[in-house]
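Work through these exercises with the structure open. Each task is followed by a solution in steps.

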Amino acid sequence: MSRLIIVTENEAQKTVEGLYRDLERRIQASQPGLCPVDLAEAFLHICHAQSCGKCTPCRVGLGQLEKLMESVLDGSADMETLTTIEKTADAIYHSADCAIGFEAAKMVLRGIRGFYDDYAEHVKHGRCNAKQSQPVPCVSLCPAHVDVPGYVSLIHEGRYAEAVQLIRKDNPFPAACGLICEHPCELRCRRTMVDKAINIRGLKRYAVEHEGEIKVPKIMDKTGKKVAVVGGGPSGLSAAYYLSIMGHDVTVYEQRKQLGGMLRYGIPAYRLPREILNHEIDGLMKTGFQVKTDVSIGKDISLAQLKREFDAVYVSIGAHTDKKLGIPGEDAEGVISAVEMLRNIGDDIYPDFTGLNVVVVGGGNVAMDVARSAIRLGAKTVKVAYRRRRVDMTALPEEVEGAIADGCDIVELHSPVRIEKDEKGHCKGIVLKPQIIGGVRYGRPSPKDSQAPEVEMKADLVLVAIGQGIDFRKFEEYQGITIESGRINALDTSALQNAEGIFAGGDCVTGPATVIRAIAAGKTAAANIDEYLGFFHEIESDIVLPPVRFDDNAPTGRVNMKERPADERVLDFKLMEYGMTDEEACQESGRCLHCDHFGYGIFKGGRENKW
């Protein structure tokens with residue numbers, strides 16, 4: 001008689017594990033706009049199925065919660081039911097034995113408090129409160145609402161110029177976004193239910209590379225109205241582009257020597273080559289807007305003067321000031337902000353780091369950019385000191401992995417304490433305090449000092465990359481512009497509540513964000529400035545899309561982007577990422593499930609041809 005046996009996974013267990021993975025993919029692909037009450041009830045049902053049945057709060061309590069939530073959905077509940085749901089969930093949360101029970105109850109509590117209005121709408125009117133008008137996940141999650149399924153289908157048919165033309169209806173920077181966009185459109189791609197999300201960014205890049213010459217869009221009749229755009233970054237140039245198409249006379253005022261904003265002064269050339277950026281900006285300028293560089297608002301010209309000379313003003317100055325560490329020794333020579341370094345590189349001023357030991361402080365994409373740039377500038381060693389864990393870094397995982405491949409060391413859970421100077425006042429090292437990960441705050445684990453002693457890291461150069469700010473002092477003087485928490489307080493229409501004719505958008509309103517969000521702000525501002533000026537011009541596309549295909553359901557691997565070998569790419573600032581081949585682009589574009597046509601997408605019109 002054997003006391004123990006080797007347990008092997010049977011067919012039923014294998015199938016259940018597969019179902020778990022299927023469920024994970026399905027949840028990941030949940031589109032915006034779904035009924036949150038319905039989803040919460042479905043999740044609660046899964047939680048209840050996980051219960052072992054030992055404790056009453058979990059075994060019985062979760063079942064009672066299910067019945068209460070079902071009554072909300074079937075119309076038999078009243079407002080008192082909502083109070084009962086909250087009290088029941090609270091009781092389960094404080095009495096369940098394990099996480100199966102108390103975390104399920106916590107989920108219900110978050111829901112009843114976070115989307116109470118949706119619960120109330122079901123009770124009072126028997127309907128959902130969802131206001132989502134665009135049910136196609138990729139289009140909905142793109143801040144600029146680019147017609148992704150449309151241009152992907154055009155790419156599959158080899159109609160690349162038309163694909164890019166369709167993109168520019170909503171996003172005038174397809175080349176830049178094809179290289180550096182964080183692609184939120186892929187987050188809930190319904191293809192995830194089958195295998196993996198479509199490589200939308202890679203396909204966008206492929207289309208642009210095969211577009212040919214940038215065509216000038218049709219310019220509408222001149223309106224006689226003048227608009228000033230303050231800031232020549234992605235938001236300002238997007239607004240200038242669309243306003244010019246609408247027939248308005250637009251002048252862009254840019255403080256730097258060249259246009260591009262953070263596209264030029266915040267992103268290294270190995271990610272976004274300058275010739276590609278310049279070509280794209282030249283294409284935008286074909287619409288006819290004027291540009292004045294080396295002009296500083298508040299110094300060379302005031303906002304009040306612009307308001308007198310123009311019918312409307314759009315402020316999109318971006319986030320170009322650095323943030324300080326606030327530690328002793330930060331004034332040492334050799335302590336440089338990432339913003340300053342990238343700004344110089346943007347103007348083709350490349351410092352020489354040959355033989356230097358460099359320490360980068362920070363964990364975002366900018367920190368990775370300056371760390372990888374330091375390697376290319378000849379640094380002997382590059383270490384990235386971050387006070388949290390590597391998995392907590394806000395940088396994209398592929399950027400962190402790329403930095404490591406380039407030769408950077410990630411020193412996680414170390415917080416800067418002070419910077420040591422030599423007798424000449426030059427940085428010679430940075431002292432770090434080891435951290436231990438602690439409790440979760442605002443969705444992220446917070447670090448705290450550990451009992452380990454401080455460590456000193458040799459550093460001939462310290463690059464500070466802990467965030468950017470907005471220089472808003474020049475705008476405070478203008479009556480009607482409100483500054484809150486270092487940002488301009490603007491409405492979601494980009495208008496300023498107490499400054500008629502002045503609009504603001506991009507990083508100066510949201511704080512440092514992504515390029516595509518800045519572009520979306522410029523698009524929004526253009527539409528609302530046009531309306532403010534007394535017009536209702538529509539930006540539209542008359543491109544006829546190919547017929548929908550029916551051969552896209554077979555599971556197929558995602559085509560990922562490849563990069564130049566690390567030992568080759570670290571020697572220069574040339575583009576490090578390879579584009580797709582013709583074969584790869586055809587296969588990848590063929591994986592699109594056409595959510596704009598099949599299922600719920602067609603009920604809401606499927607595609608928006610104009611805005």
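**Exercise 1.** Which residue of strand S2 is the bridge partner of Val-230 in this predicted model?

*Solution.* Start at Val-230. Its bridge partner in S2 is Tyr-253. Now follow the chain: the path leaves S1, passes through helix H12 (residues 234-245) and reaches S2. This β-α-β crossover is right-handed. Next, take the two strands as a pair. S1 (residues 226-230) and S2 (residues 249-253) are parallel, with 5 bridges between them.

**Exercise 2.** Find the bridge partner of Val-227 in strand S4. Then decide how far S1 is enclosed.

*Solution.* Val-227 has Ala-312 as its bridge partner in S4. S4 covers residues 312-315, runs parallel to S1 and is joined to S1 by 4 bridges. Now check burial. Of the 5 residues in S1, 4 are buried, so the rest of the structure largely encloses this strand.

**Exercise 3.** Is Ile-46 buried or exposed, or in between?

*Solution.* Locate Ile-46 in helix H2 (residues 36-49). Its relative accessibility is 32%. Buried needs under 20% and exposed needs over 50%, so Ile-46 is partly exposed. Ile-46 joins Leu-23 and Ile-27 in a nonpolar surface patch, and together they have about 200 Å² of accessible area.

**Exercise 4.** How many disulfides are there?

*Solution.* Apply the cut-off: two cysteine sulfur atoms must lie within 2.5 Å. The count is 0. Take Cys-52: the nearest cysteine sulfur belongs to Cys-98, 6.1 Å away. Cys-52 is exposed, at 68% relative accessible area. Then take Cys-508. The closest cysteine sulfur, in Cys-177, is 18 Å away, too far for a bond. Cys-508 is buried, at 0% relative accessibility.

Terms used
Residues are numbered from 1 along each chain as its sequence is written. This is a predicted model: local features need pLDDT of at least 70, side-chain atom pairs count only at pLDDT 80 or more; totals for chains, interfaces and linings use all residues. Side-chain values use heavy atoms; hydrogens and water are left out. Buried means under 20% relative accessible area, exposed over 50%, partly exposed in between (1.4 Å probe, protein chains only). Two strands pair if DSSP finds at least two bridges between them. A crossover is right-handed if, with the strands pointing away from the viewer, the path from the first strand over the helix to the second runs clockwise. Patches are made of residues with over 30% relative accessible area and no salt bridge: like charges are joined within 9 Å, nonpolar side chains (Val, Leu, Ile, Met, Phe, Trp, Tyr) within 5 Å. Accessible areas come from the Shrake-Rupley method with a 1.4 Å probe; for residues, only the protein chains shown count as cover. A salt bridge is a side-chain nitrogen of Lys or Arg within 4 Å of a carboxyl oxygen of Asp or Glu.
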